[in-house]
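Biologist: I'm new to this. Could you show me how to read a structure like this one?

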Amino acid sequence: MQNGEIAAIFYQIADLLELQDVPFKPQAYRKAARQLESMSDDIEQVAKEGKLEEIPGVGKALAEKIQEYIRTGKIKHLEELKKKVPGNLDELLAVPGLGPKRAVILYRKLKVDSLEDLEKAASLGKIRNIEGFGEKSEQEILKGISLLRRGQERMLLGVALPIAREIAKKLQELDEVQKIEIGGSIRRRAETIGDIDLLITSTKPQKVMDFFTSMPEVERTLAKGDTKSSVLLGNGKQVDLRIVENKSFGAALQYFTGNKDHNVKLRTIAIKKGLKLSEYGLFRKNKLVAGKTEQEVYAALGMKYIEPEMRENQGEIELAIKGNLSKLIGYGDMKGDFQMHTKFSDGVNTIKEMAIAAKQLGYEYIAITDHSKSERIANGMDEKRLLQYVQEIRKAEKEVKGIRIFVSCEVSIKVDGSLDYSDDILKKLDIVSVSIHSGFKMPKETMTQRICSALQNKYVDIFNHPTGRYINLRDPYDFDFDKMVETSVKNKVHLEINASPERLDLKDSLIRRAKELGAKFTVSTDAHSINGLVAMELGVAMARRGWLEKKDVVNAHGLKELSKFFKHKNL
DNA sequence: GCCGTTTTCGGCCCGACTGTTTTCAGTCG
């Protein structure tokens, strides 16, 4: 998929245009870029079908540029813009607090055209004397640069969510705080999080702000007002706190949940109805029409309530207006977990310990999936140990009682597409799941064949972490996604949504794509200890972001219904 | 550069905070 590459170019074009003070075009480029990043279709495919201009935010000019990139691998317009803008001036826009206007002033006055130059100029005290700047802005620029270098990467959802909950809990304990909600991309359960947004109602905002800005984990206060404050934590991450009145809480929560494009569209719809939507409510003239709850706001705009995980302007608003939104799978719907490891390979707990922990979570069943023999580094099991493992699981099931424990295995797909165990071994397992663990850098064709040939083995039930990516660390291996999904549908192989925080694989857009192609899914934690089992929440979040319903997810079904999802099996 | 059941031209979401200012522009979300 070239979606991301083209989006990156559009973002850069937007920056370069902004530096030249071109109005409106930057927003247009950015809107298109965001759309490309989050859409589920392969841009090359969309282009082939001649449907580029159907993408919201893409018109004639951008469609041509996308075509140009697919054809030539570059966009001439970008090269031309680069010639007009000196050096790496666009780097400067990444410095918090420094925008296009002042970046250009710095270039004109000091010939600063890179991050390095900027840092030098600021530390030599050259910036404070320029009109429009002062000593304070010079310091802000220096801090901004070091911040940029330190914490540029977005946090994993699995990291941000507990931090946000911890801070929210502290604030909740204050007498002055009435309602509190976590907003922003965390509430939408995006896979990575830029900063943490909190929303509060309070009668004494100043006291709350005082507490907030002086919490021990706060390293620096960026802004402090009656309704809005921002702080930086020791890990370099920003937390924004907003305080509103009770009558505006729903409108504010809606607003601060986003995403941006979803909100812009809602506001446009409001305007067409003669209304005005802001974080303070939905207004007709100056009269508040709705605002206390989100439900009220969506209803007043003439649509069904939209779950936060869907708010990405990917067609959900249109569906909500027609009343055709699907009912998303719920966080409490999971009845079991199909992937976890024990001491038999690279896990830290025993089979029994995992089973007891899973039972406490209310599950009806789990599958133990220790590694197959080629995973030597993960203590993969040879055939002899595998037999011992089977017995051990059967024994644990009798001892723990009240939870079904399936004998399964995470079987590696070898480089030639064959599996790590023979069919004679595979047929002894209750459930067979397969994974790519090596040979990631194959050409697309070969990798596609390798995967598809494994999925055609008649004993295979689940394809684990199908793209192999690690968020921020490792890109997916290159393969034909649609072909893989088609093969898995044909062979009744389910696609795993791996819930471990650093994987979240499949990701949201691919889940949607796979669902369109008829796939069924499992959501599993890949836990390597009893603590890892709680990651299920993140997997369900991804399923919801992929618009899945309960019926799409195999392990949202009880033990009794399970057999119908598996081929030739009586579970 | 995009978009349209008020428009194919003339709009483009709305508001808070900060620093450098004597009333506001720039930046951010």
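Modeller: Let's begin with one contact: an N or O atom in the side chain of Thr227 is 3.1 Å from a sugar or linking oxygen of DNA strand B. That's a polar contact, a pair of N or O atoms within 3.5 Å. This is a predicted model, where local features need pLDDT of at least 70 and side-chain atom pairs count only at pLDDT 80 or more, while totals for chains, interfaces and linings use all residues. Residues are numbered from 1 along each chain as its sequence is written, chains are lettered from A and ligands numbered from 1 in the order in which they are written, and side-chain values use heavy atoms, with hydrogens and water left out.

Biologist: What in Gly59 and Lys65 meets a phosphate oxygen of DNA strand B?

Modeller: For Gly59, a polar backbone atom sits 2.5 Å from a phosphate oxygen. For Lys65, a polar side-chain atom is 3.4 Å from one.

Biologist: Which residues come nearest to DNA strand B?

Modeller: "Near" means that a heavy atom of the residue lies within 4 Å. Out of 43 residues around the strand, Phe24, Gly59, Gly97, Gly134 and Arg267 come nearest. Of the DNA strand B atoms that come within 4 Å of the protein, 77% belong to sugar and phosphate.

Biologist: And how do I read two packed helices?

Modeller: You describe them by the angle between their axes and the distance between the axes. Here, the axes of helix α19 (residues 444–455) and helix α20 (residues 481–490) come within 9 Å and cross at roughly 10 degrees. So α19 is roughly parallel to α20, a label for angles under 35 degrees. Axes are lines fitted to C-alpha atoms, for helices over the stretch in contact, with angles running from 0 to 180 degrees between N-to-C directions. Helices are DSSP runs (H or I, at least four residues), numbered from the N terminus.

Technical notes: A polar contact is a pair of N or O atoms within 3.5 Å; within protein, one must be able to donate a hydrogen and the other to accept it, and residues adjacent in sequence count only if both atoms are side-chain atoms. Helices (H or I, at least four residues) and strands (E, at least two) are DSSP runs, numbered from the N terminus. Angles under 35 degrees count as roughly parallel, over 145 as roughly antiparallel, 65 to 115 as roughly perpendicular and the rest as oblique.
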